[in-house]
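Q: Got a model open here and would like to go through it. Can we start with the surface and then move to the packing?

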Amino acid sequence: MTQLEILKMYIPEETNDELLTQLLDRAKTAINNRRYPVSTPPDTLEARYNNKQIEIAIELYNKQGTEGEQQHNESGTNRVYENAGISESLLADIVPKGCVL
């Protein structure tokens, strides 16, 4: 099963495959940027981060239209995001890979 097919299971109401693919690409870039802070990341994502890619793509999908929101209170609903992009808690378990100089 592809990452796109898995993401569609979590977001069945979204029919725009291009949007979902873009979210997966953004998630992959975020993971690789965290994983390879001082070197060029590979073109593919390490398999151990496939679930993390889905989690990040879902978060990005859910934050559409509320980018940058720091706090929102309405009718008993409270929203506060860690940051305008991807939550640090989602990126925290991505282990950076260093290199020898």
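Q: How much area does the protein expose, and what share do carbon and sulfur atoms supply?
A: This is a predicted model. The protein exposes about 6600 Å², with 49% of that supplied by carbon and sulfur atoms.

Q: And what percentage of the residues is buried?
A: Of the 101 residues in the protein, 32% are buried.

Q: Which elements are there, in order from the N terminus?
A: There are 4 helices and 2 strands, and they run α-α-α-β-β-α.

Q: At what angle do helix 1 and helix 3 pack?
A: Helix 1 (residues 3–10) and helix 3 (residues 50–62) pack at about 45°, and their axes are 10 Å apart. Helix 1 is therefore oblique to helix 3.

Q: Left-handed or right-handed crossing?
A: Helix 1 and helix 3 cross in a right-handed way.

Q: Which residues meet there?
A: Helix 1 brings Gln3, Ile6, Leu7 and Tyr10, and helix 3 brings Asn50, Gln53, Ile54, Ala57 and Ile58. Sorted by class, that contact between helix 1 and helix 3 has 6 nonpolar and 3 polar residues, and no charged ones.

Q: Switching to Asp17. Where is its place?
A: Asp17 belongs to helix 2, which covers residues 17–35.

Q: Buried or exposed?
A: Neither: Asp17 counts as partly exposed because its relative accessibility is 31%, between the cut-offs of 20% and 50%.

Q: What does Asp17 touch, leaving out residues up to four places away in sequence?
A: Leu4 and Lys8.

Q: And how far is Asp17 from Leu7?
A: Asp17 and Leu7 are 9.9 Å apart, C-alpha to C-alpha, and 10 residues apart in sequence.

Note on methods:
Residues are numbered from 1 along each chain as its sequence is written. This is a predicted model: local features need pLDDT of at least 70, side-chain atom pairs count only at pLDDT 80 or more; totals for chains, interfaces and linings use all residues. Side-chain values use heavy atoms; hydrogens and water are left out. Axes are lines fitted to C-alpha atoms, for helices over the stretch in contact, and angles run from 0 to 180 degrees between N-to-C directions. Angles under 35 degrees count as roughly parallel, over 145 as roughly antiparallel, 65 to 115 as roughly perpendicular and the rest as oblique. A crossing is left-handed if the near helix is turned anticlockwise from the far one by less than a right angle, and right-handed if clockwise. Contact means heavy atoms within 4.5 Å. Ala, Val, Leu, Ile, Met, Phe, Trp, Tyr, Cys and Pro count as nonpolar, Asp, Glu, Lys and Arg as charged, and the others, Gly among them, as polar. Buried means under 20% relative accessible area, exposed over 50%, partly exposed in between (1.4 Å probe, protein chains only). Accessible areas come from the Shrake-Rupley method with a 1.4 Å probe; for residues, only the protein chains shown count as cover.
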